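Colleague: Could you take me closely through the pockets of this model, with particular attention to what lines them? Please also describe the surrounding elements as far as they can be specified.

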Amino acid sequence: MTTKPKLLIVDGMALLFRSFFASAAMGHFIRLADGTPTNGAQGFVRHVLTAQSLMKPTHMAVCWDMGAHTFRNDLFDGYKANRPAPPEEMLPQFDMAKNLSLQMGWKNFGVKGMEADDLIGSMISKWQDEADITVISGDKDLLQLLRPSTEIAFMKKGYTEYDIYTHGRFKEEYSIEPAQFAQVKAFMGDTSDGYPGVKGIGPKQALTLIQTYGSIDSVLASLGELKPGQRTKIQDNIDMLKLSHELATIQTDVPIEADLSSLVLPNYEPQIFKEIEERGYTLIAKHARSLYSLI
(Lines give C-alpha, C1' and ligand atoms only; values in the text may rest on other atoms or scores of the structure.)
Protein backbone atom coordinates (compact mmCIF):
# COMPACT_ATOMS: atom_id res chain seq x y z
CA MET A 1 0.00 0.00 0.00
CA THR A 2 1.48 3.34 -1.06
CA THR A 3 1.27 6.26 1.34
CA LYS A 4 -0.30 9.45 0.02
CA PRO A 5 1.93 12.53 -0.13
CA LYS A 6 1.30 14.94 2.77
CA LEU A 7 1.07 18.47 1.37
CA LEU A 8 1.47 21.45 3.69
CA ILE A 9 0.10 24.71 2.25
CA VAL A 10 1.26 27.82 4.11
CA ASP A 11 -0.62 31.13 4.06
CA GLY A 12 2.61 33.12 3.92
CA MET A 13 1.12 36.54 4.54
CA ALA A 14 -0.82 35.32 7.59
CA LEU A 15 2.33 33.92 9.21
CA LEU A 16 4.38 36.99 8.27
CA PHE A 17 1.89 39.48 9.76
CA ARG A 18 1.43 37.38 12.89
CA SER A 19 5.19 37.10 13.42
CA PHE A 20 5.71 40.81 12.83
CA PHE A 21 3.06 42.05 15.25
CA ALA A 22 3.89 39.46 17.93
CA SER A 23 7.38 40.91 18.33
CA ALA A 24 6.79 44.51 17.14
CA ALA A 25 4.40 45.04 20.06
CA MET A 26 7.41 44.75 22.34
CA GLY A 27 9.63 46.82 20.04
CA HIS A 28 11.69 43.81 18.94
CA PHE A 29 12.43 44.44 15.27
CA ILE A 30 15.70 42.40 15.21
CA ARG A 31 17.60 44.43 12.62
CA LEU A 32 20.34 43.51 10.16
CA ALA A 33 23.67 45.33 10.31
CA ASP A 34 22.31 47.97 7.90
CA GLY A 35 19.29 48.59 10.15
CA THR A 36 16.71 46.67 8.11
CA PRO A 37 14.12 45.05 10.44
CA THR A 38 13.73 41.27 10.15
CA ASN A 39 11.37 40.25 12.97
CA GLY A 40 8.43 39.25 10.75
CA ALA A 41 10.49 37.48 8.09
CA GLN A 42 12.57 35.52 10.59
CA GLY A 43 9.45 34.63 12.58
CA PHE A 44 7.74 33.42 9.40
CA VAL A 45 10.61 31.03 8.58
CA ARG A 46 10.87 29.80 12.17
CA HIS A 47 7.11 29.16 12.25
CA VAL A 48 7.24 27.11 9.05
CA LEU A 49 10.27 25.12 10.21
CA THR A 50 8.47 24.26 13.44
CA ALA A 51 5.31 23.28 11.54
CA GLN A 52 7.37 20.94 9.37
CA SER A 53 8.90 19.29 12.43
CA LEU A 54 5.44 18.78 13.96
CA MET A 55 3.36 17.86 10.90
CA LYS A 56 5.98 15.92 8.91
CA PRO A 57 4.84 16.94 5.40
CA THR A 58 6.50 15.48 2.33
CA HIS A 59 5.54 18.41 0.08
CA MET A 60 5.00 22.13 0.69
CA ALA A 61 3.77 25.30 -1.01
CA VAL A 62 3.81 28.87 0.31
CA CYS A 63 1.04 31.18 -0.98
CA TRP A 64 1.30 34.98 -1.02
CA ASP A 65 -0.89 37.98 -1.76
CA MET A 66 0.63 40.02 -4.58
CA GLY A 67 -0.21 43.57 -3.55
CA ALA A 68 -3.31 44.99 -1.94
CA HIS A 69 -5.48 45.30 -5.08
CA THR A 70 -7.38 42.22 -6.22
CA PHE A 71 -10.41 41.46 -8.38
CA ARG A 72 -12.54 41.85 -5.24
CA ASN A 73 -11.60 45.55 -5.08
CA ASP A 74 -12.91 45.88 -8.64
CA LEU A 75 -16.20 44.35 -7.50
CA PHE A 76 -16.53 46.51 -4.38
CA ASP A 77 -14.58 49.67 -3.50
CA GLY A 78 -15.01 49.07 0.20
CA TYR A 79 -13.33 45.66 0.17
CA LYS A 80 -10.62 45.72 2.89
CA ALA A 81 -10.64 49.53 2.61
CA ASN A 82 -10.79 49.84 6.40
CA ARG A 83 -7.44 48.11 6.93
CA PRO A 84 -4.49 50.32 7.88
CA ALA A 85 -1.35 50.37 5.76
CA PRO A 86 1.44 48.09 7.02
CA PRO A 87 3.88 49.74 9.43
CA GLU A 88 7.04 51.16 7.88
CA GLU A 89 9.20 48.50 9.57
CA MET A 90 7.25 45.78 7.80
CA LEU A 91 7.60 47.07 4.24
CA PRO A 92 11.03 45.56 3.43
CA GLN A 93 10.03 42.26 4.98
CA PHE A 94 7.54 41.16 2.31
CA ASP A 95 10.26 40.52 -0.28
CA MET A 96 12.66 39.43 2.45
CA ALA A 97 10.30 36.64 3.54
CA LYS A 98 9.78 35.44 -0.04
CA ASN A 99 13.52 35.43 -0.70
CA LEU A 100 14.22 33.50 2.50
CA SER A 101 11.51 31.03 1.49
CA LEU A 102 13.28 30.45 -1.82
CA GLN A 103 16.64 30.03 -0.11
CA MET A 104 15.11 27.38 2.12
CA GLY A 105 14.05 25.47 -0.99
CA TRP A 106 10.35 26.19 -0.58
CA LYS A 107 8.17 26.99 -3.59
CA ASN A 108 6.39 30.38 -3.52
CA PHE A 109 3.10 31.04 -5.32
CA GLY A 110 1.40 34.35 -6.02
CA VAL A 111 -0.85 35.61 -8.80
CA LYS A 112 -1.48 39.32 -9.35
CA GLY A 113 -5.12 40.25 -8.77
CA MET A 114 -5.81 37.14 -6.68
CA GLU A 115 -5.50 36.57 -2.94
CA ALA A 116 -3.46 33.83 -1.30
CA ASP A 117 -6.81 32.26 -0.29
CA ASP A 118 -7.68 31.77 -3.97
CA LEU A 119 -4.39 29.99 -4.65
CA ILE A 120 -4.89 27.81 -1.58
CA GLY A 121 -8.40 26.92 -2.76
CA SER A 122 -7.14 26.12 -6.24
CA MET A 123 -4.35 23.90 -4.90
CA ILE A 124 -6.84 21.98 -2.77
CA SER A 125 -9.11 21.56 -5.78
CA LYS A 126 -6.17 20.38 -7.91
CA TRP A 127 -4.54 17.96 -5.47
CA GLN A 128 -7.33 16.85 -3.10
CA ASP A 129 -7.36 13.34 -4.60
CA GLU A 130 -3.58 13.02 -4.78
CA ALA A 131 -2.50 14.16 -1.33
CA ASP A 132 -3.56 14.62 2.27
CA ILE A 133 -3.52 18.39 2.70
CA THR A 134 -3.00 20.63 5.74
CA VAL A 135 -3.34 24.41 5.44
CA ILE A 136 -1.79 26.75 8.03
CA SER A 137 -3.53 30.11 8.31
CA GLY A 138 -5.41 32.42 10.64
CA ASP A 139 -8.27 33.10 8.22
CA LYS A 140 -11.60 31.47 9.10
CA ASP A 141 -12.82 32.09 5.52
CA LEU A 142 -10.77 29.01 4.59
CA LEU A 143 -13.29 26.77 6.36
CA GLN A 144 -15.22 26.67 3.09
CA LEU A 145 -12.29 24.73 1.55
CA LEU A 146 -12.48 21.74 3.89
CA ARG A 147 -12.64 18.34 2.20
CA PRO A 148 -12.32 14.77 3.53
CA SER A 149 -8.63 14.93 2.51
CA THR A 150 -8.05 18.50 3.74
CA GLU A 151 -7.71 20.05 7.19
CA ILE A 152 -7.17 23.66 8.23
CA ALA A 153 -4.75 24.39 11.10
CA PHE A 154 -5.51 27.80 12.58
CA MET A 155 -2.62 29.38 14.46
CA LYS A 156 -3.15 29.85 18.18
CA LYS A 157 -0.20 30.46 20.50
CA GLY A 158 3.47 30.58 19.58
CA TYR A 159 4.76 28.26 16.88
CA THR A 160 3.34 24.99 18.16
CA GLU A 161 -0.36 25.40 19.03
CA TYR A 162 -3.09 25.04 16.40
CA ASP A 163 -6.87 24.75 16.33
CA ILE A 164 -7.35 22.08 13.67
CA TYR A 165 -10.58 21.78 11.70
CA THR A 166 -11.38 18.66 9.73
CA HIS A 167 -14.30 18.15 7.36
CA GLY A 168 -16.03 16.07 10.03
CA ARG A 169 -15.51 18.58 12.85
CA PHE A 170 -16.91 21.40 10.71
CA LYS A 171 -20.05 19.46 9.82
CA GLU A 172 -20.58 18.51 13.46
CA GLU A 173 -20.23 22.11 14.69
CA TYR A 174 -22.03 23.97 11.90
CA SER A 175 -24.52 21.36 10.58
CA ILE A 176 -23.85 22.46 6.99
CA GLU A 177 -21.30 21.49 4.34
CA PRO A 178 -18.09 23.56 4.24
CA ALA A 179 -18.95 24.74 0.72
CA GLN A 180 -22.04 26.48 2.17
CA PHE A 181 -19.97 28.59 4.57
CA ALA A 182 -19.50 31.43 2.06
CA GLN A 183 -23.30 31.77 1.92
CA VAL A 184 -23.39 32.18 5.69
CA LYS A 185 -20.69 34.87 5.36
CA ALA A 186 -22.78 36.58 2.68
CA PHE A 187 -25.66 37.12 5.14
CA MET A 188 -23.55 38.11 8.16
CA GLY A 189 -20.92 40.15 6.31
CA ASP A 190 -17.33 40.58 7.42
CA THR A 191 -16.17 43.75 9.17
CA SER A 192 -12.53 42.77 8.75
CA ASP A 193 -12.90 42.48 4.96
CA GLY A 194 -15.21 45.50 4.85
CA TYR A 195 -18.39 44.10 3.29
CA PRO A 196 -21.68 44.43 5.20
CA GLY A 197 -23.76 41.45 4.11
CA VAL A 198 -27.36 42.01 5.23
CA LYS A 199 -27.49 44.71 7.90
CA GLY A 200 -29.15 43.43 11.04
CA ILE A 201 -28.44 39.74 10.43
CA GLY A 202 -25.69 38.37 12.64
CA PRO A 203 -23.71 35.12 12.62
CA LYS A 204 -26.34 33.00 14.40
CA GLN A 205 -29.23 34.10 12.17
CA ALA A 206 -27.06 33.72 9.06
CA LEU A 207 -26.11 30.16 9.98
CA THR A 208 -29.70 29.25 10.85
CA LEU A 209 -30.92 30.50 7.47
CA ILE A 210 -28.45 28.31 5.57
CA GLN A 211 -29.06 25.34 7.87
CA THR A 212 -32.79 25.69 7.21
CA TYR A 213 -32.90 26.56 3.52
CA GLY A 214 -29.53 25.38 2.20
CA SER A 215 -28.68 28.33 -0.02
CA ILE A 216 -29.18 32.04 -0.64
CA ASP A 217 -31.43 31.31 -3.61
CA SER A 218 -33.65 29.07 -1.47
CA VAL A 219 -33.89 31.74 1.23
CA LEU A 220 -34.92 34.31 -1.38
CA ALA A 221 -37.50 31.89 -2.78
CA SER A 222 -38.92 31.40 0.73
CA LEU A 223 -39.05 34.99 1.97
CA GLY A 224 -42.76 34.61 2.70
CA GLU A 225 -41.93 32.06 5.43
CA LEU A 226 -39.66 34.44 7.34
CA LYS A 227 -40.59 36.81 10.14
CA PRO A 228 -41.52 40.26 8.77
CA GLY A 229 -38.46 42.00 10.24
CA GLN A 230 -36.03 39.47 8.85
CA ARG A 231 -37.81 39.43 5.48
CA THR A 232 -37.57 43.24 5.22
CA LYS A 233 -33.86 43.27 6.04
CA ILE A 234 -33.12 40.76 3.29
CA GLN A 235 -35.40 42.41 0.72
CA ASP A 236 -33.72 45.76 1.34
CA ASN A 237 -30.24 44.28 0.85
CA ILE A 238 -30.58 41.69 -1.91
CA ASP A 239 -27.94 43.27 -4.16
CA MET A 240 -25.44 43.54 -1.30
CA LEU A 241 -26.24 39.98 -0.23
CA LYS A 242 -25.35 38.66 -3.68
CA LEU A 243 -22.25 40.85 -3.90
CA SER A 244 -21.15 39.75 -0.43
CA HIS A 245 -21.46 36.13 -1.53
CA GLU A 246 -19.21 36.82 -4.49
CA LEU A 247 -16.66 38.51 -2.24
CA ALA A 248 -16.78 35.71 0.36
CA THR A 249 -16.37 32.87 -2.12
CA ILE A 250 -12.79 31.64 -2.49
CA GLN A 251 -11.84 30.86 -6.07
CA THR A 252 -10.79 27.28 -6.77
CA ASP A 253 -9.94 27.51 -10.46
CA VAL A 254 -6.81 29.70 -10.53
CA PRO A 255 -4.24 27.94 -12.78
CA ILE A 256 -1.49 26.44 -10.61
CA GLU A 257 1.63 26.20 -12.75
CA ALA A 258 3.24 23.32 -10.90
CA ASP A 259 3.10 19.57 -10.50
CA LEU A 260 2.86 18.05 -7.05
CA SER A 261 6.25 16.44 -7.60
CA SER A 262 7.87 19.90 -7.79
CA LEU A 263 6.79 20.63 -4.19
CA VAL A 264 8.84 17.87 -2.53
CA LEU A 265 10.55 19.26 0.54
CA PRO A 266 14.35 19.34 0.49
CA ASN A 267 16.66 17.79 3.05
CA TYR A 268 18.26 20.66 4.88
CA GLU A 269 22.04 20.85 4.67
CA PRO A 270 23.99 22.72 7.36
CA GLN A 271 25.40 25.00 4.64
CA ILE A 272 21.97 26.56 4.02
CA PHE A 273 21.73 27.80 7.58
CA LYS A 274 25.36 28.83 7.68
CA GLU A 275 24.73 31.12 4.69
CA ILE A 276 21.52 32.45 6.23
CA GLU A 277 23.36 33.15 9.47
CA GLU A 278 26.17 34.97 7.64
CA ARG A 279 23.55 37.26 6.10
CA GLY A 280 22.39 38.24 9.58
CA TYR A 281 19.40 35.95 10.11
CA THR A 282 20.81 34.39 13.24
CA LEU A 283 17.46 33.49 14.84
CA ILE A 284 16.54 31.26 11.88
CA ALA A 285 19.88 29.42 11.98
CA LYS A 286 19.67 28.88 15.74
CA HIS A 287 16.07 27.68 15.51
CA ALA A 288 16.80 25.26 12.67
CA ARG A 289 19.74 23.73 14.51
CA SER A 290 17.61 23.17 17.58
CA LEU A 291 14.91 21.45 15.52
CA TYR A 292 17.02 19.39 13.14
CA SER A 293 20.24 18.80 15.10
CA LEU A 294 22.28 20.48 12.40
CA ILE A 295 25.88 21.49 13.02
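Modeller: A helix here is a DSSP run of H or I with at least four residues, and helices are numbered from the N terminus. The model is a predicted one.

I begin with the largest pocket, whose volume is about 1100 Å³. Its lining comprises 41 residues, and those closest to the centre are Met13, Phe17, Asp65, Lys80 and Arg83. Five helices each contribute at least two lining residues: H1 (12-24), H3 (71-75), H4 (93-103), H5 (116-127) and H11 (238-248). Among these, H1 provides the largest share, with five residues. Met13 and Phe17, both close to the centre, fall within the range of H1. By residue class, the lining of this pocket consists of 19 nonpolar, 15 charged and seven polar residues.

H1 also leads to the second largest pocket. That pocket holds about 240 Å³ of space. It has 16 lining residues, and Arg18, Ser19, Ala22, Ser23 and Tyr159 are the nearest to its centre. H1 and H2 are the elements that give two or more residues to this lining. Here the largest share, again five residues, belongs to H2. Seven of the lining residues are polar, five are nonpolar and four are charged.

H2 spans residues 39-55 and includes Ser53. With a relative accessible area of 19%, Ser53 counts as buried, because the cut-off for that class is under 20%. Beyond its neighbours within four places in sequence, Ser53 makes contact with Leu291 and Tyr292.

Turning from the helices to the strands, E5 (residues 150-155) has five of its six residues buried, so the rest of the structure largely encloses this strand. E5 has a parallel partner in E4 (residues 132-137), to which five bridges join it. In that pairing, Thr134 lies opposite Glu151 of E5. E5 also pairs with E6 (residues 162-165), this time in the antiparallel sense and over four bridges. There Phe154 faces Asp163 of E6. E5 and E6 form a hairpin with six residues between the strands, in which Gly158 adopts a positive phi near 60 degrees.

Technical notes:
Residues are numbered from 1 along each chain as its sequence is written. This is a predicted model: local features need pLDDT of at least 70, side-chain atom pairs count only at pLDDT 80 or more; totals for chains, interfaces and linings use all residues. Side-chain values use heavy atoms; hydrogens and water are left out. Buried means under 20% relative accessible area, exposed over 50%, partly exposed in between (1.4 Å probe, protein chains only). Two strands pair if DSSP finds at least two bridges between them. Contact means heavy atoms within 4.5 Å. On a 1 Å grid over the protein atoms alone, a cavity is a set of points where a 1.4 Å probe fits but cannot get out, and a pocket is an open set with protein on both sides within 12 Å along at least five of seven lines; lining residues have an atom within 4 Å of a point. Grid points are joined across faces, edges and corners, and a volume is the space filled by probe spheres set on the points. Ala, Val, Leu, Ile, Met, Phe, Trp, Tyr, Cys and Pro count as nonpolar, Asp, Glu, Lys and Arg as charged, and the others, Gly among them, as polar.
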